[in-house]
Amino acid sequence: MIQLKNRHEIDKIRESGKVLGECLLSLEEVIRSGISTWDIDRIAHEFIVKRGGYPSCLGYCGYPNATCVSVNDVVIHGIPNKKEILKDGDIVSVDICVTLDGYVSDSTRTYEVGKVSDEVHRLNVVTRECLYLGIDGARKKNARLSDIAQAVFRHAFTENGYGVVRDYTGHGVGFELHEEPEVPNYVSPLIPNPRLKPGMVLAVEPMINMGTWKIKNMKDGWTVRTADGKPACHWEHTIAVTDSGVEILTEV
Ligand code: MF3
Ligand code: CO
């Protein structure tokens with residue numbers, strides 16, 4: 001069941017999203033060659049707690065940290081590690097969920113460390129564009145869920161030849177971290193495809209690979225890498241469908 005949110009509830013998710021958006025923005029200043037993924041997590045955790053929030057990944061299904069920090073060929077769910085030090089030319093996706101006063105928001109950005117190759121920069125730019133094109137898909141008249149996927153897939157694969165991850169998807173969010181519906185980035189007749197309607201709050205999150213769409217799961221039970229070892233990018237916002245249109249709740 002898709003749990004619709006009323007105006008008050010969307011206001012509360014927006015407050016949570018503001019903390020999250022500001023946290024991700026603040027990380028721009030700290031993500032530099034020489035920092036560990038552990039320190040990124042620690043800094044984000046502290047930021048969220050100072051603002052009265054809780055980093056909802058921590059403890060979710062036993063997840064050990066406040067954030068997911070995914071470097072280069074790690075697509076999602078990278079576990080922060082003191083020994084993992086970023087270097088010039090790396091990319092790093094930081095995926096964070098914030099619970100504030102019981103309301104949950106979810107957002108991700110991929111950061112470039114120092115100067116990355118043109119090829120990797122392009123992947124990152126296109127993935128970010130996929131996020132905004134997907135959100136624009138939700139703005140179409142009488143939009144259905146698949147309008148998000150169609151826009152993401154066209155830009156990532158059809159126009160740029162990148163792999164679109166299929167094994168993981170966006171999702172409803174707001175009362176819980178993961179709610180119905182699934183919000184995939186590819187179109188399939190097998191996936192429920194409801195019309196978007198006011199009150200829906202969705203995490204839209206293209207995960208785009210430079211190579212093929214295939215991923216592999218690591219033995220730690222969390223880390224997801226590209227199967228071919230090529231880099232991947234991940235951008236995510238929490239959006240709300242309202243009577244007056246689609247609003248991005250995690251953008252600051
Ligand atoms: N933001 C992630 C998602 O949308 C949440 C990861 S849950 C965690 O799936 F437990 F891995 F942190
Ligand atoms: Co998410």
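**A cobalt site, a sheet and two cores**

Visitor: In this predicted model, what spacing do the donors of the cobalt ion (ligand 2) follow along the chain?

Guide: The cobalt ion (ligand 2) is coordinated by Asp106 through OD, His171 through NE2, Glu205 through OE and Glu236 through OE, at 2.1 to 2.2 Å. Read along the chain, these donors of the cobalt ion follow the spacing D-x64-H-x33-E-x30-E.

Visitor: How many residues apart in sequence are the parts that His171 and Glu236 tie together?

Guide: His171 is buried, as is Glu236. His171 belongs to strand β7 (residues 170-172), while Glu236 sits in the loop between β13 (232-234) and β14 (237-242), so the pair ties together parts whose separation in sequence is 65 residues.

Visitor: Which strands stand at the edges of the open sheet β3-β12-β11?

Guide: The three strands of this open sheet pair in the antiparallel sense, and β11 is joined to strand β12 (residues 224-226) over three bridges, with Lys216 opposite Arg225 in β12. Each edge strand has a single partner strand, so one side of each is left without a neighbour in the sheet, and these edge strands are β3 (74-76) and β11 (215-217).

Visitor: Which elements give two or more residues to the largest nonpolar core?

Guide: This core has 20 residues, and those touching the most other members include Leu27, Ile31, Leu86 and Val92. Leaving aside neighbours within four places in sequence, Val92 is in contact with residues including Ile31, Val69, Val71 and Leu86. The elements giving two or more residues to the core are α1 (7-30), α2 (37-50), β2 (68-71) and β4 (91-100).

Key:
Residues are numbered from 1 along each chain as its sequence is written. Chains are lettered from A and ligands numbered from 1 in the order in which they are written. This is a predicted model: local features need pLDDT of at least 70, side-chain atom pairs count only at pLDDT 80 or more; totals for chains, interfaces and linings use all residues. Side-chain values use heavy atoms; hydrogens and water are left out. Donors are N, O and S atoms within 2.8 Å of the metal (3.2 Å for Na, K and Ca); water is not among the atoms, so sites may look incomplete. Helices (H or I, at least four residues) and strands (E, at least two) are DSSP runs, numbered from the N terminus. Buried means under 20% relative accessible area, exposed over 50%, partly exposed in between (1.4 Å probe, protein chains only). Two strands pair if DSSP finds at least two bridges between them. A nonpolar core is a set of buried Ala, Val, Leu, Ile, Met, Phe, Trp, Tyr and Cys residues joined through side-chain atoms within 4.5 Å. Contact means heavy atoms within 4.5 Å.
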